[in-house]
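Student: Could we go through this structure together? I'd like to learn how the descriptive words are earned.

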Amino acid sequence: MTYSETIEYLYSATPVFQHQGGSAYKPGLDTVKTLDEANGHPHKSFRSIHVAGTNGKGSTCHTIAAVLQAAGYKVGLFTSPHLIDFRERIRVNGEMIPQDYVVSFVDRSMPWVEKLKPSFFELTTMMAFCYFRDAGVDYAIIEVGMGGRLDSTNIITPILSIITNISLDHTQFLGSTEEAIAHEKAGIIKSGVPSVIGEACGVVKEVFASKAKDVGSPVSFAENESVILSYERLPDGFFLYDTADYGDVLGELAGEVQCLNARTILTALRVLCKQNNHIFDARAVRQGFAHVNEMTGLMGRWQKLHDTPLVICDTGHNVGGFEKIAIQLQQLQSARKGSTLHMVIGFVSDKDIDGLLNLIPQSAVCYFTQPDIKRALDAEALKQKATPKKLHGQSYSTVVDAYQCAMAEAKDNDIIFIGGSNFIVSEIINHLFNSDQK
């Protein structure tokens with residue numbers, strides 16, 4: 001098969017949760033363990049860091065990968081979903097997995113696909129592990145797909161487990177309370193393996209502390225570590241962190257939530273240094289934080305797409321993540337006197353739509369749209385849900401139509417925000433990328 005035929009086969013032969021939703025979700029480790037044995041247990045060939053959580057996983061994974069790269073290590077990075085190219089999910093030192101490796105892996109895996117009927121994520125997980133082994137990585141940063149306890153990635157025994165935070169998302173699979181979701185994500189905490197918890201309070205914190213005690217995992221709660229002494233936002237939007245361990249660290253990621261992510265990351269780096277004093281130095285930390293996008297290919301985190309008008313996209317897609325976006329948009333609009341906020345938004349149907357819409361200011365001009373996937377909430381249905389909340393705007397059948405209309409209506413001083421779903425952001429970035437190629 002060609003590469004394009006291989007990708008088409010992957011999407012057609014294996015259930016894809018991002019596109020299909022619940023019908024593609026396959027909890028449990030039996031299938032991936034069988035694939036792991038058939039491929040010679042590739043995950044045992046490298047040291048790994050496992051990252052779970054409701055929000056902030058991607059930023060945390062990419063930044064830690066960038067720091068280790070800056071320290072001179074060969075670093076694998078497995079994250080999801082992708083925004084432009086499937087191969088974004090599997091990288092080594094920022095470079096995407098080669099097309100010919102994807103083709104050869106899928107080709108030799110076909111008998112197992114027919115026999116085991118693995119999900120898209122199960123097969124992709126095994127592809128990543130095999131590629132990291134074959135590439136000879138020193139470390140691999142592994143992002144959990146969903147939950148933790150029953151996630152395909154949870155066959156690894158990492159050198160560090162990180163849980164960024166807990167909020168309500170994927171409740172139909174992980175539980176309807178934060179406590180229940182915490183139990184699922186706590187499943188990556190393993191015996192003798194240090195764990196870092198980014199944000200937790202009340203019963204959620206008790207769940208993590210209890211799990212860590214039960215399995216004998218030394219646990220660090222980032223809020224107790226005082227790794228950031230103070231911080232300020234610079235005129236260019238970057239953060240300058242005064243850190244306890246590395247002095248001044250410039251943070252390239254500009255979303256308001258990145259202050260909390262930075263605290264989690266710096267706590268994780270502190271724990272890694274306790275395991276190995278020479279794993280990296282302050283120079284590597286500064287370089288990784290300041291150049292994470294370039295070094296790892298990270299996109300879609302409070303990413304500026306255009307200057308006049310200012311166009312920002314962000315992949316935050318649940319209430320916990322969108323709350324931070326709403327605060328930052330309010331701050332940004334206050335700083336741009338007389339500006340109007342335009343919001344190109346769309347969601348998948350299994351999210352807390354009412355909760356998300358409640359966070360949109362009534363003064364915003366909305367462009368209700370829908371991603372081109374089966375899980376999408378219809379744009380007109382979204383508009384109808386928004387009307388009782390006194391949100392106003394028109395519906396558009398495609399993301400590009402909504403974006404182009406927003407660009408035509410916005411004045412130079414205005415702000416256009418694009419988001420609500422990874423897939424909304426993906427379609428815009430793809431559109432702009434393809435336009436630049438012409």
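Tutor: Happily; here we take some labels one by one and check each against its cut-off. Keep in mind that this is a predicted model.

Student: Let's begin with burial. Why is I64 called buried?

Tutor: Buried means under 20% relative accessible area. I64 has 1% relative accessibility, so the label buried fits. I64 sits in helix 4, residues 57-70.

Student: Which residues does I64 touch, leaving out those up to four places away in sequence?

Tutor: I64 is in contact with I49, I141, I162, I265 and A268. Contact here means heavy atoms within 4.5 Å. Another partner to look at is F289: I64 and F289 are 225 residues apart in sequence, yet their C-alpha atoms are 8.5 Å apart in space.

Student: F289 is in helix 11, I think. How do you know which word describes the angle between helix 4 and helix 11?

Tutor: The axes of helix 4 and helix 11 (residues 282-290) cross at roughly 135° and come within 7 Å. Angles under 35 degrees count as roughly parallel, over 145 as roughly antiparallel, 65 to 115 as roughly perpendicular and the rest as oblique. The angle of roughly 135° falls in none of the named ranges, and therefore helix 4 and helix 11 are oblique to each other. Their crossing is right-handed.

Student: Which residues meet there?

Tutor: From helix 4 come T63, A66, V67 and A70, and from helix 11 come R283, A284, V285, Q287, G288 and F289. By class, this contact has six nonpolar, three polar and one charged residue.

Student: What makes helix 8 and helix 9 roughly parallel?

Tutor: Helix 8 (residues 178-185) and helix 9 (residues 202-215) have axes that cross at roughly 20° and come within 9 Å. The cut-off for roughly parallel is under 35 degrees, so helix 8 is roughly parallel to helix 9. The crossing of helix 8 and helix 9 is right-handed. On the helix 8 side, E178, E179, A182 and H183 make the contact, and on the helix 9 side V203, V204, V207 and F208 do. The contact counts five nonpolar, one polar and two charged residues.

Student: And why are helix 5 and helix 6 called what they are called?

Tutor: Helix 5 and helix 6 pack at an angle of about 130°, and their axes are 11 Å apart. Again, the rest of the angles, outside the named ranges, count as oblique. Helix 5 and helix 6 are therefore oblique to each other. The crossing of helix 5 and helix 6 is right-handed. Their contact involves Y101, V102, F105, V106, R108, S109 and V113 of helix 5 with L123, M126, M127, C130, Y131 and D134 of helix 6. Ten of these contact residues are nonpolar, one is polar and two are charged.

Student: How do you know that the buried residues of helix 1 lie on the same side?

Tutor: The buried residues of helix 1 (residues 3-13) are Y3, T6, I7, Y9 and L10. They cover an arc of only 155° around the axis, so they share the same side of helix 1. The general reason is that an α-helix has 3.6 residues a turn, so residues three or four places apart point the same way. The buried residues of helix 1 pack against helix 5 (99-116) and helix 6 (120-135). The face turned away from that buried side carries the exposed residues S4, E8 and S12.

Student: What makes the buried residues of helix 16 line one face?

Tutor: In helix 16 (residues 399-409), the buried residues are V399, A402, Y403, C405 and A406. Seen down the axis, they fall within an arc of 165°, so they line one face of helix 16.

Student: Last one: why does N93 count as partly exposed, while W302 counts as buried?

Tutor: Buried is under 20% and exposed is over 50%, with partly exposed in between. N93 has 33% relative accessibility, so N93 counts as partly exposed. W302 has 11%, so W302 counts as buried. N93 has a phi near 50°, a positive value in a residue other than glycine. W302 is not a glycine either, and its phi is positive at about 45°.

Terms used: Residues are numbered from 1 along each chain as its sequence is written. This is a predicted model: local features need pLDDT of at least 70, side-chain atom pairs count only at pLDDT 80 or more; totals for chains, interfaces and linings use all residues. Side-chain values use heavy atoms; hydrogens and water are left out. Axes are lines fitted to C-alpha atoms, for helices over the stretch in contact, and angles run from 0 to 180 degrees between N-to-C directions. Helices (H or I, at least four residues) and strands (E, at least two) are DSSP runs, numbered from the N terminus. A crossing is left-handed if the near helix is turned anticlockwise from the far one by less than a right angle, and right-handed if clockwise. Ala, Val, Leu, Ile, Met, Phe, Trp, Tyr, Cys and Pro count as nonpolar, Asp, Glu, Lys and Arg as charged, and the others, Gly among them, as polar. Buried means under 20% relative accessible area, exposed over 50%, partly exposed in between (1.4 Å probe, protein chains only). The arc is that of the directions from the helix axis to the C-beta atoms.
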